[in-house]
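Let's work through a few exercises on a protein model together. Keep the sequence and the 3D view at hand as you go.

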Amino acid sequence: MIKDLTKNELFLQYFPPVTGLIFVFVFVLLGMWQLDRAAEKAALLEIFENDAPYVHPTDYDSLHEFDRIETFGQFMPNRQVLIDNIPYDGRPGYFVITPFQPLTDGALSLVNRGWTPKTGPNDIPDVQLDGKSRTVRGLVGHLPQVAVRPGDAFAIHGAWPRVAVFPTLDEVATELDETLLPIVLLLHPDADDGFARRWQPDTTGPMTHHGYAFQWFTMALTVILIVVWNMRKKFASEQNKA
């Protein structure tokens, strides 16, 4: 079958340029996707660097990452989650995730109070705080994520605080047996009752995606030049034969 195709003049005439055009189309799409990612990162950086006032959210589903919000309510210190395998300045430790009951919402929100070090394999740090009413401020965020997670998020279902490995919101909600709001509040660095906090957007930045886009567009241009060169070469060869 393949030998027959390699002897087919129609196949030999149209297969290379058609294949080249397909590659050009794919490379251009990838370049456009990288430009879209660059625009998203630029918008995210603008939100992060903006000194907008903190607002009381009314629609949590409409919030964007790094929006500045504040809410009044109470922490629930008896059911906290420690997210394991979080490095900070080269040291292993946990993110301390504390449920918070806003006064105006029936569902709980999760507050990331920051990072605390791990001093031993089975170390459980002291993360307790009181349940007094207070206003908490911070940035809209999410739980830390990983591409591949080894095993279940919660290996041990026992006493609190409970250690987890990169849990999702749904998994934390199941563990708490509560309904959760669809965001995680990253506690303000100056707020009390927190640990080490250095919230940052993705450090790759828009320029990285612009660089990737340039590479894809360069590959598309290279394929176009190769196709044109081959077609001109074949045309010249046919003219000489004539």
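**Exercise 1. Find the loop that holds aspartate 89, then describe this residue's backbone and exposure.**

Step 1: Aspartate 89 sits in the loop between β2 and β3. Strands here are DSSP runs of E with at least two residues, helices are runs of H or I with at least four, and both are numbered from the N terminus.

Step 2: Although aspartate 89 is not a glycine, its phi is positive, about 55°.

Step 3: Aspartate 89 counts as exposed because its relative accessibility is 55%. The cut-offs are under 20% relative accessible area for buried, over 50% for exposed and partly exposed in between, with a 1.4 Å probe and protein chains only.

A word on the source: this is a predicted model, in which local features need pLDDT of at least 70 and side-chain atom pairs count only at pLDDT 80 or more, while totals for chains, interfaces and linings use all residues. Residues are numbered from 1 along each chain as its sequence is written, and side-chain values use heavy atoms, leaving out hydrogens and water.

**Exercise 2. Do the same for aspartate 193.**

Step 1: Look in the loop between β7 and α4 (205-241).

Step 2: Phi of aspartate 193 is positive too, near 65°.

Step 3: With 31% relative accessibility, aspartate 193 counts as partly exposed.

**Exercise 3. Which residues of α3 are buried, and what do they pack against?**

Step 1: The buried residues in α3 are Val172, Ala173, Glu175 and Leu176.

Step 2: Viewed down the axis of α3, these residues fall within an arc of 160°, so they line one face of the helix. The arc is taken from the directions from the helix axis to the C-beta atoms.

Step 3: On the other side of α3, Asp170 and Thr174 are exposed.

Step 4: The buried residues of α3 pack against β2, β3, β4, β6 (162-164) and β7. Contact here means heavy atoms within 4.5 Å.

**Exercise 4. Describe the largest nonpolar core.**

Step 1: A nonpolar core is a set of buried Ala, Val, Leu, Ile, Met, Phe, Trp, Tyr and Cys residues joined through side-chain atoms within 4.5 Å.

Step 2: The largest one has 24 residues, and Leu110 and Val172 have the most contacts inside it.

Step 3: At least two of its residues come from each of β2 (81-83), β3 (93-102), β4 (108-117), α3 (169-176) and β7 (180-187).

Step 4: There is also a second, separate core of 14 residues, including Tyr60 and Leu181.
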